[in-house]
Amino acid sequence: MPSPPPRRVASPPVMEASLPASRDLPAAAWQGERGILAMPSLSSGQDQNPSGCISSAHPVRFPPLGWSRATGWAVPGSVTHRLVSRACRPRVIEDFYNRTWLYRYEEPISPATLTTLWSLSVAIFSVGGMIGSFSVGLFVNRFGRRNSMLMSNVLAFMSAVLMGFSKMALSFEMLILGRFIIGLYSGLTTGFVPMYVGEVSPTALRGALGTFHQLGIVLGILIAQVFGLDLIMGNDSLWPLLLGFIFVPALLQCIILPFAPESPRFLLINRNEENKAKSVLKKLRGTTDVSSDLQEMKEESRQMMREKKVTIMELFRSPMYRQPILIAIVLQLSQQLSGINAVFYYSTSIFEKAGVEQPVYATIGSGVVNTAFTVVSLFVVERAGRRTLHLIGLAGMAGCAVLMTIALTLLDQMPWMSYLSIVAIFGFVAFFEIGPGPIPWFIVAELFSQGPRPAAFAVAGLSNWTSNFIVGMGFQYIAQLCGSYAFIIFTVLLVLFFIFTYFKVPETKGRTFDEIASGFRQGGASQSDKTPDEFHSLGADSQV
């Protein structure tokens, strides 16, 4: 389609007035830490056997090459998922909407219409994520874990084409539709990747390898922050290329994922293909003796056969599943309602008041902190445990939120408070990546056995994306109403999540899936302070 005539694309005098107030918000408000206020731009969101517990007295040893390869092959999907939400600035997209409208109707777009298109663009990603996350079980049980991840890349390719060519076609509808499709992809990915990684990982390293999902998410954030700079691809001429960049990680996964094995648990428990499962285990573990792993899977399969088919409604009806699904939901809420998006909402203006000449680079610095402390979590999760790290993260974030409230309240009277607020920002992000960032993603796989796991991932993912949507749509109004005191709300929520985690969430470090399930059957989360051997004794049927 030919480009619009020059006289029509020139910004008219009324253009500035036609843009909504969101244009004046910091860029981070558009981008959103977890993609909540974000507009997907690149193909997150949220944090997966030799058995036995790794104690603090022993160094963490990484798994045989097969385990790490299988994990690495799955992670590009996590990168793709979070790349989607971090690239273009709001001004660039608003100008595109305005110019497209001007070309079609020969008049500038009205503020009300632009606001509607903007709101639809923001919301449609989370709507797609909700639908995708709720559909996880439909794919993994029918096609398997690996094949489901492979098939979902079709959505990434479709989205890349729609968004990448939207400017050429002068169609903001293509951009919005592409955003919805990549939302579907992201919702599916937040279920597929943690489930696959959790099932192929050895018990002793399940948490460390599960953290690779969150590492892929924060790497996607960082890459998009860098590529989204004006001097690279975040400008008016190259933003379509930036939007289409999701094609690259999706293509990479399509190339390498066929070399990854299917989940041995899926092969043995769901397909009853013991020989294939045994062969996969030998390759993954690098040894011919996989009898202990097979024995554990067979026991889990026998336990599953004694139970009726687990549907989503059964998760809430059965006393056996009610407590773990409640834990899974609350942990997902603790990630999205923690206030991480509020911090990024204020970060750019805080950096500006602190005298930072290029606040965008300081925001990229927060992305570096994101990545660095995710790596820290990867190395300590098997030493400290999931529950402990989550508690530390929640407590640290609550403390930083209090500092943030104080600093923002006194900022006008005491300009040096901006430096305290910067420290609070980086501290908040660091504590988030220690616990609430990665742990809610992979702990769902640990709380449920093979039968109810897909349904549990669907419910947990839906909870995450729904809270994502609510915060994304509602935080701007909270910020306008409460100002800097909005962090008090998040402080209260963080304290409540801390109390819930302390009293209800069990430690899953070093425990097999059957041991964890047996604990919920016999004693629930009240046994969270027991050692793995004590916890194991609760399950009368366990043979491992």
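# A guided tour of the predicted model

Select Lys276: at a relative accessible area of 51%, this residue is exposed, where exposed means over 50%, buried under 20% and partly exposed in between (1.4 Å probe, protein chains only). The structure is a predicted model, in which local features need pLDDT of at least 70 and side-chain atom pairs count only at pLDDT 80 or more, while totals for chains, interfaces and linings use all residues. Residues are numbered from 1 along each chain as its sequence is written, and side-chain values use heavy atoms, with hydrogens and water left out.

Add Glu273 to the selection. Glu273 and Lys276 form a salt bridge, with their closest N and O atoms 3.7 Å apart; the term denotes a side-chain nitrogen of Lys or Arg within 4 Å of a carboxyl oxygen of Asp or Glu. Glu273 is partly exposed, at 25%. The whole structure holds 14 salt bridges.

Next, select Glu173 and Arg104, whose side chains meet in a salt bridge of 2.8 Å, N to O. This pair connects distant parts of the chain, helix α10 (residues 172–200) and helix α6 (residues 90–105), across 69 residues. Helices here are DSSP runs (H or I, at least four residues), as are strands (E, at least two), numbered from the N terminus. Glu173 is partly exposed at 38% relative accessibility, and Arg104 is partly exposed at 32%.

Move along α10 to Glu199, which pairs with Arg145 in a salt bridge of 2.9 Å, N to O. Arg145 lies in helix α9 (residues 145–164), 54 residues from Glu199. Glu199 is buried, at 2%, and Arg145 is buried, at 0%. Extend the selection to Arg265, Glu296, Glu300 and Arg453, which are linked with Arg145 and Glu199 in a network of salt bridges.

Now display helix α11 (residues 206–227). Its end C-alpha atoms are 32 Å apart, in agreement with the 32 Å expected for 22 residues; the expected span is 1.5 Å times one less than the number of residues. Centre on His213 to find a kink of about 25 degrees, the bend being the angle between axes fitted to the seven residues ending there and the seven starting there. Of the 22 residues of α11, 17 are buried.

Proceed to Tyr485, in the loop between α24 (453–482) and α25 (486–504). Tyr485 is partly exposed, at 45% relative accessibility.

Finally, return to the whole chain. The chain has 27 helices and 0 strands, and 61% of its 544 residues count as buried.
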